[in-house]
Amino acid sequence: MASRRVKGTVKGHDKHFRAHVQCRIDGRKRNIYGPVRAVWQDAEQDLFELRAAGSEAGGRNVEAMKRVAKELK
């Protein structure tokens, strides 16, 4: 069975913020980023949406997280 872990945070870039989700699937590191936001709470909401997409079907769904990240932009 594949090892799956997801980490996520909101990172500050100058005066802007961005959701960043890291996960490891079959030993490979994946990084998924949300759009740059002027308000921390907006980036936090993006992070929430990315995590929700990743937990579809009870697993960590990288393709769903990528789709949501693209939709948020």
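User: What makes a residue count as one with which leucine 50 is in contact, and which residues are these?

Analyst: Contact requires heavy atoms within 4.5 Å. Once the neighbours within four places in sequence are set aside, leucine 50 meets this criterion with Ala19, Val21, Ile32, Gly34, Met65, Val68 and Ala69. The model is a predicted one, in which local features need pLDDT of at least 70 and side-chain atom pairs count only at pLDDT 80 or more, while totals for chains, interfaces and linings use all residues. Residues are numbered from 1 along each chain as its sequence is written, and side-chain values use heavy atoms, with hydrogens and water left out.

User: What is the confidence of the protein chain, and where is it lowest and highest?

Analyst: The average pLDDT (the predictor's confidence in each residue, from 0 to 100) is 81, and 84% of the residues score at least 70. Strand 1 (residues 4-13) has the lowest confidence, with a mean of 79, and helix 1 (residues 40-54) the highest, at 89.

User: What makes a stretch a helix or a strand, and how many of each does the protein chain have?

Analyst: Both are DSSP runs numbered from the N terminus: helices are H or I with at least four residues, strands are E with at least two. By this rule the protein chain has two helices and three strands, in the order β-β-β-α-α from the N terminus on.

User: Why is aspartate 46 called buried or exposed?

Analyst: Buried means under 20% relative accessible area, exposed over 50%, and partly exposed in between (1.4 Å probe, protein chains only). Aspartate 46 has a relative accessible area of 3%, and is therefore buried. This residue lies in helix 1, and apart from neighbours within four places in sequence it is in contact with Ala19, Pro35, Arg37 and Leu72.

User: Why is aspartate 14 classed as buried or exposed, and what is its phi?

Analyst: The relative accessible area of aspartate 14 is 82%, so this residue is exposed. Aspartate 14 is found in the loop between strand 1 and strand 2 (16-25). Its phi is positive, about 55°, although it is not a glycine. Most residues other than glycine have a negative phi.

User: Which residues of helix 1 are buried, and how are they placed around its axis?

Analyst: Ala43, Asp46, Leu47, Leu50, Ala53 and Gly54 are the buried residues of helix 1. Viewed down the axis, they fall within an arc of 125°, so they line one face of the helix. The arc is that of the directions from the helix axis to the C-beta atoms.

User: What makes a set of residues a nonpolar core, and which elements contribute to the largest one?

Analyst: A nonpolar core is a set of buried Ala, Val, Leu, Ile, Met, Phe, Trp, Tyr and Cys residues joined through side-chain atoms within 4.5 Å. The largest has 16 residues, and those with the most contacts inside it are Ile32, Leu50, Val62 and Met65. Strand 2, helix 1 and helix 2 (62-72) each give two or more residues to this core; helix 2 gives the most, with six residues.

User: Which residues of helix 2 are buried, and which are exposed on the face turned away?

Analyst: Val62, Ala64, Met65, Val68, Ala69 and Leu72 are buried in helix 2. Their arc around the axis is only 160°, so they sit on the same side of helix 2. The face turned away from this buried side carries the exposed residues Glu63, Lys70 and Glu71. Strand 2, strand 3 (28-33) and helix 1 are among what covers the buried residues of helix 2.
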